[in-house]
Amino acid sequence: MSSLIRHITIDSSDPYALAGFWAQALDGSLADDDLPGDPEAVVTAAGATLLFVTVDDRKTVKNRVHLDLQPQDRTRDEEVERLLSFGATLRSDHRRPDGTGWVTLHDPEGNEFCVERSAAERANG
């Protein structure tokens, strides 16, 4: 049997705070034993478990790996607005006039992630 991905690990200056953002973004939850100031925090959500760990170095360059989010119960544009409302920032907008494309955002620590169209939007063209 091949290996399975147990966590996607993200370096962070404040694991608990960043995990809180991602728990909200993914409608997930923090582990019961995660507390502010802990050196790591875990978010469990449908489809992924994210592990946030403390590193002293600040992010200075583009991520080599990033997350692509696909909204499940709202449109891409509604999801972008929701994420912006609790701390994401716009990095670049790749939406096209025909409705295709994606939006690249930054989480509160500057990590890039993308928001794609929902399955329903893809099915409708």
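In this predicted model, residues 7-115 form a span whose end C-alpha atoms lie 20 Å apart, with 19% of the span in helix and 33% in strand. These residues, 7-115, are also the ones covered by the annotation "domain: Glyoxalase-like" in an unreviewed UniProt entry.

A good place to begin is the sheet built from strands 1 to 4. These 4 strands form an open sheet in the order 1-4-3-2, and their pairing is mixed. At its edges are strand 1 (8-12) and strand 2 (29-30), each of which pairs on one side only. Further in, strand 3 (residues 40-45) and strand 4 (residues 48-54) run antiparallel and are joined by 6 bridges. Within this pair, Ala-45 faces Ala-48 of strand 4, the two standing opposite each other. As a general point, strands of a sheet pair through backbone hydrogen bonds, in either a parallel or an antiparallel manner.

Another open sheet, again of 4 strands, follows the order 5-8-7-6 with mixed pairing. Strand 5 (67-69) and strand 6 (89-93) each have a single partner strand, so one side of each is left without a neighbour in the sheet. On average, neighbouring strands here are turned by 30 degrees against each other, direction ignored. Strand 5 pairs with strand 8 (residues 112-115) in the parallel sense, over 3 bridges, and Asp-68 stands opposite Cys-114 of strand 8. Helix 2 (residues 76-85) packs on this sheet, where it touches strand 5, strand 6, strand 7 (103-106) and strand 8. The direction of helix 2 makes about 145 degrees with that of strand 8.

How values were computed. Residues numbered from 1 in each chain as written. Predicted model: local features only at pLDDT ≥ 70, side-chain atom pairs only at ≥ 80, totals over all residues. Heavy atoms only, no water. UniProt positions renumbered as here; feature names shortened; annotations may be inferred. Pairing = 2+ DSSP bridges. Axes fitted to C-alpha atoms, helices over the stretch in contact; angles between N-to-C directions. Contact = heavy atoms within 4.5 Å.
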